[in-house]
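Open the model in your viewer and keep the sequence panel visible. The stops below are given in the order to select them.

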Amino acid sequence: MVDAKDVRALRLARTEFHKHGINIMRADIRVMHGILYIRGLVEPERGSAINDLKHDMEVLARVLRQKTEIREVILDCNYVQS
């Protein structure tokens with residue numbers, strides 16, 4: 001059975017990625033026991049003003065770690081800078 005806190009954390013993470021202009025459609029995003037795993041291809045959304053995607057992902061990981069639903073963020077992704 002899926003933990004309701006993990007479902008909330010996943011929804012929260014997806015919202016934060018969208019707010020920051022990061023496209024995660026080609027990445028695998030999962031939350032298990034409060035740990036957010038991001039694997040796959042990550043790229044800026046069209047029209048976003050992201051210059052250094054890796055840096056922005058690290059900043060976003062710090063932001064997400066401050067949320068009560070998320071204990072840790074594991075970034076295992078490739079970055080495509082457009």
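How many residues lie between β2 and β3 in their hairpin, and which residue in the turn has a positive phi? Two residues separate the strands, and H33 has a positive phi of about 55°. The model is predicted: local features need pLDDT of at least 70, side-chain atom pairs count only at pLDDT 80 or more, and totals for chains, interfaces and linings use all residues. Numbering starts from 1 along each chain as its sequence is written, and side-chain values use heavy atoms, with hydrogens and water left out.

Select β2, residues 27-32; strands here are DSSP E runs of at least two residues, and helices H or I runs of at least four, numbered from the N terminus. A27, I29 and V31 point to one face and are buried (under 20% relative accessible area, 1.4 Å probe, protein chains only). D28, R30 and M32 point to the other face and are not buried.

Add β3, residues 35-44, which pairs with β2 in the antiparallel sense over six bridges (pairing requires at least two DSSP bridges). I38 is the bridge partner of I29. Show the surroundings of I38: among its contacts (heavy atoms within 4.5 Å) are F17, M57, V73 and L75, not counting residues up to four places away in sequence.

Now select α2, residues 53-65. Its buried residues are L53, M57, L60, A61 and L64. Viewed down the axis of α2, they fall within an arc of 105° (taken from the directions from the helix axis to the C-beta atoms), so they line one face of the helix. These residues pack against α1, β1, β3 and β4.

Definitions and conventions. Buried means under 20% relative accessible area, exposed over 50%, partly exposed in between (1.4 Å probe, protein chains only). The expected span of a helix is 1.5 Å times one less than its number of residues.
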